[in-house]
Amino acid sequence: MIVAVLLAASTLLTGACRDTTTGAESVAAQSRPVQRTEQRAEDFDPKPGTPPALKVSGQRAYQNLKDFVALGPRPLGSNGHAKAEQFILTHLEGAQIEQDRFNVKTAAGPFAMDNIVARFPGKKDGVIVLAGHYDTNYPLRNTSFVGANDGGSNVGLMLEIASQLRNHPPEGYSIWLLFTDGEEATVTWTDADSVYGSKHLAKKWSEDGTAARIKAFILLDMVGDKDLHVEQDTNSTPWLLGVVNRAGQRLGQQSHLSGRSMEISDDHLPFRAVGIPVVDIIDFDYGFDNLYHHTTQDTPDKCSAESLQIVGDVVMETIRALNTR
């Protein structure tokens with residue numbers, strides 16, 4: 001269930017995918033969060049002469065989106081879900097792949113889930129994670145809902161980034177692309193019934209020491225909306241949100257990063273709970289008054305290559321900035 005608090009107006013919006021409650025506390029309670037020194041966003045501004053960011057193609061990302069959602073709905077336990085997994089794995093050939101398979105009892109019963117991680121080794125000691133979910137809403141499993149923006153947009157963009165990283169391996173920190181499973185609620189969004197894959201992997205990374213290596217966790221969600229306005233998520237790590245905003249300013253895209261300030265609960269919170277700096281890049285308002293979100297109207301024609309280009313450019317410029325430290 002999407003529930004977001006608009007901080008300026010104290011208005012409550014209700015939908016069906018993300019919540020403002022912090023369902024990651026259970027992860028933090030079982031793990032010792034990594035201790036970090038405080039950072040300042042301006043300290044990451046690239047100096048003159050710094051090599052440009054890696055270029056991605058919004059057109060190719062949009063084609064990936066269309067090809068992906070052509071598979072049909074992909075709720076947990078369905079043939080479409082299995083096809084979605086295979087689609088992603090096929091498009092990640094050439095990367096170092098880890099499949100984080102696990103079983104979990106959800107509010108709707110037991111399911112097998114699979115977080116997919118594609119690793120692109122860099123030359124610096126540390127990791128930048130780009131993440132986004134690939135499942136579709138389980139309560140809508142008996143409809144034609146394909147989640148073009150909600151799950152499809154980030155998959156399309158992430159696969160385009162993977163294609164570029166295969167040809168241009170990272171010169172700085174390693175980049176891991178994380179395709180999370182079980183983000184959607186199986187009945188109604190609660191702390192317990194949501195972000196299953198992220199809670200599982202955050203706990204695992206905290207326990208095996210991986211969390212300490214991660215410099216930043218950048219979550220992509222609902223980034224294909226033709227009318228793109230990325231929110232200012234107050235659950236994101238402030239300095240990392242600042243790095244993203246400053247990246248957008250350098251690219252002249254600040255008008256697309258001018259969304260409302262609100263608290264959003266999403267796949268990033270379990271990772272924040274274990275001490276990883278996080279930011280959620282999300283356009284929460286999809287269609288007039290969020291009309292298209294979690295409806296069968298969430299189709300590719302409501303998304304655009306231009307929006308995917310903007311988000312892709314901001315993400316790659318953010319990575320360039322993070323590599324300055």
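**Sheet, helices and three buried residues**

Gln232 is buried, with a relative accessible area of 15%. The cut-off for that class is under 20% relative accessible area. In this predicted model, Gln232 belongs to strand S8, which covers residues 232-233. Apart from neighbours within four places in sequence, Gln232 is in contact with Leu241, Asn245, Leu257, Gly259, Arg260, Ser261 and Met262.

The sheet comes next. Strands of a sheet pair through backbone hydrogen bonds, either parallel or antiparallel. Here six strands make up an open sheet with mixed pairing, in the order S3-S4-S6-S5-S7-S10. Its edge strands are S3 and S10 (278-282), each of which pairs on one side only. From one strand to the next, the twist averages 20°.

At the S3 edge, strand S3 (residues 96-106) pairs with S4 in the antiparallel sense over 11 bridges. The two strands S3 and S4 form a hairpin, with two residues between them. Within this pairing, Glu98 has Val117 in S4 as its bridge partner. Strand S4 itself (residues 109-120) is mostly covered, with nine of its 12 residues buried. S4 is also joined to strand S6 (residues 173-180) by five bridges, and S4 and S6 run antiparallel. In S6, Trp176 is the residue opposite Arg119.

At the S10 edge, the pairing of strand S7 (residues 214-221) with S10 is parallel and extends over five bridges. Ile218 stands opposite Val279 of S10. Helix H4 packs on the sheet, where it touches S4, strand S5 (124-133), S6 and S7, and the direction of H4 makes about 150° with that of S5. Helix H8 also packs on the sheet, touching S5, S6, S7 and S10, and its direction makes about 175° with that of S7.

H4 and H8 also pack on each other. Two packed helices are described by the angle between their axes and the distance between the axes. For H4 (residues 148-167) and H8 (residues 305-322), the angle is about 55° and the axes are 11 Å apart. The two helices H4 and H8 are therefore oblique to each other. The crossing in which H4 passes H8 is right-handed. On the H4 side the contact is made by Ser153, Leu157 and Ile161, and on the H8 side by Leu308, Val311, Gly312, Val315 and Met316. Sorted by class, the contact of H4 with H8 has six nonpolar residues, two polar residues and no charged residues.

Helix H4 also contains Ala148. Ala148 has a relative accessible area of 0% and is therefore buried. Leaving aside neighbours within four places in sequence, Ala148 is in contact with Leu65, Val69, Ser153, Asp298, Thr299, Pro300 and Cys303. Of these, Ser153 is also one of the H4 residues in the contact with H8. Ala148 and Asp301 lie 153 residues apart in sequence, while their C-alpha atoms are 8.7 Å apart in space.

A second helix pair is formed by H2 and H3. Helix H2 (residues 58-69) packs with H3 at an angle of about 150°, and the axes of H2 and H3 are 10 Å apart. Angles over 145 degrees count as roughly antiparallel, so H2 is roughly antiparallel to H3. The crossing of H2 and H3 is right-handed. In this contact Asn64, Asp67 and Phe68 of H2 meet Ala84, Phe87 and Ile88 of H3. The residues of the contact of H2 with H3 comprise four nonpolar, one polar and one charged.

Glu85 is located in helix H3 (residues 79-91). With 12% relative accessibility, Glu85 counts as buried. Outside its neighbours within four places in sequence, Glu85 is in contact with Arg101, Asp114, Ile116 and Tyr134. Strand S3 spans residues 96-106, and Arg101 is among the contacts of Glu85. Asp114 and Ile116 are also in contact with Glu85, and strand S4 spans residues 109-120. Glu85 and Asp181 are 96 residues apart in sequence and 9.5 Å apart in space, C-alpha to C-alpha.

Methods:
Residues numbered from 1 in each chain as written. Predicted model: local features only at pLDDT ≥ 70, side-chain atom pairs only at ≥ 80, totals over all residues. Heavy atoms only, no water. Axes fitted to C-alpha atoms, helices over the stretch in contact; angles between N-to-C directions. Helix = DSSP H or I, 4+ residues; strand = E, 2+ residues; numbered from the N terminus. Parallel < 35°, antiparallel > 145°, perpendicular 65-115°, else oblique. Left-handed = near helix turned anticlockwise from the far one by under 90°. Contact = heavy atoms within 4.5 Å. Nonpolar A, V, L, I, M, F, W, Y, C, P; charged D, E, K, R; others polar. Buried < 20%, exposed > 50% of the residue type's maximum accessible area, 1.4 Å probe, protein only. Pairing = 2+ DSSP bridges.
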